[in-house]
Amino acid sequence: MRTAIINIGTIVSGDLNALVAQGDCIITDNGKIVHLGAKDPSLVESADVVIDAAGTTAMPGLIDSHVHITFGDYTPRQRTVGYLESYVHGGTTTSITASEVHTPGRPTDAQGVKALAMAARACFEGYRPGGMRVHAGSVILEPDLRVEDLDELRAGGVWLAKAGFGRFATPFDYAPLMNAARAKGFVTTMHTGGSSIPGSSGIWAEHVLRSNPNVSFHVNGGPTAMPDEGFATLVNEGKDIALQLCTAGNLRTALLTAKLLDEAGMPERLLIATDTPTGSGIMPLGMFYTITHLCSLGGMSPVQAIAAATGNNARVYGLNSGVLAAGRDADIVLIDACDGGSKNDALSGISNGDVPAVAAVVTAGVPRFVGRSRNTPASIRKVKVTRSNVVELFSGAAAH
């Protein structure tokens, strides 16, 4: 499918090196962005679907780098069906598993954790709930896993490894397997903060430094934060570690982490996620909540906060999405100020602490809905499909 989005007011790139892109038009073809810039009438004319953005803001689809996937679009933790599809209506176009720890009867032996990771990865390989791309299958490291098991997992397509719920005597004991996994090309992640489920233990800065993961998961607490002195330690001593902020964590320490990274001149290490579904529930707008908190309470610019939720995640996890540029995956969200609010555009609204209206979502170049999200108020500007050569109307059937 070839899709054209025209009359864009502002293009937020998701790239910290050039936070705003010039132009008012994006053309996608076969799931990739093929043109971003000034409107080219010949390219628009050749599109199967034309979306009039009506002056709204285009941004990359949000990448939630901490979602507790199980199997299918269902969470046993909250007994909810269809939550991933609902997250698409909150602007999230990609979810990355934080391990399948909530799977009922989760195995803890080496063969079981390998099988769980491989099965989860395979089940979501071609399954897109609501159009969302789900990167599932993160092996939960256990004491009886061997280095040879890591080789088997990599050969089977598993590329994520998680420390934090295994049966190790102390969190320091994760380090040998974590370092081996990172050396073999896994993206390694580590629970950070207090215990989150029965049987797990608190993991502090000194434990994280020993394991040197790619990502310190919910560094602001999931849900309980580590002691304050640990934040400066991770910022200053763990420079190869990305620090992930989660909506289902401690807001005060989220703001502290962002401040410390900015002061250290390392904003690229900041990632945004939700850490859901958990005891904190289902949060279709969770990514935007954290973005607005960082901006309205922490003084961060909206374009930088959006990059922390898109391009920064894409870089750390090696994804082709997360940035609006030619050749990147065509995952695009149109946002605006909410109708009836005090601000007149999406970015001003975010700085004011307002979650934006999601007016359209495109994933893999396919419009998933155009006009109004079922999870936000209506936008001020009215986005619509002006031409379509396909049967689908892309209204999203937004019920309220």
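Me: Which residue follows H4, and what is the sign of its phi?
Reply: Gly 157 follows H4, and its phi is positive, near 95 degrees. Bear in mind that this is a predicted model, where local features need pLDDT of at least 70, side-chain atom pairs count only at pLDDT 80 or more, and totals for chains, interfaces and linings use all residues. Numbering starts from 1 along each chain as its sequence is written, and side-chain values use heavy atoms, leaving out hydrogens and water.

Me: Which residues of H4 are called buried?
Reply: Asp 149, Leu 150 and Leu 153, in a helix that spans residues 147-155. Buried means under 20% relative accessible area (1.4 Å probe, protein chains only). Helices are DSSP runs of H or I, at least four residues, and strands are runs of E, at least two, numbered from the N terminus.

Me: Why are they said to sit on the same side of H4?
Reply: Because they cover an arc of only 105 degrees around the axis, taken from the directions from the helix axis to the C-beta atoms.

Me: What covers them?
Reply: The cover includes helix H3 (110-123), strand E13 (138-140) and helix H5 (175-183). Contact means heavy atoms within 4.5 Å.

Me: What makes E8 and E11 a pair?
Reply: Pairing takes at least two DSSP bridges between two strands. Four bridges join E8 to E11 (residues 92-97), and the two run parallel, so they count as paired. Val 67 stands opposite Thr 97 in E11.

Me: Why are E8 and E12 called edge strands?
Reply: In the open three-stranded sheet, ordered E8-E11-E12, E8 (62-67) and E12 (133-135) each pair on one side only.

Definitions and conventions. Buried means under 20% relative accessible area, exposed over 50%, partly exposed in between (1.4 Å probe, protein chains only).
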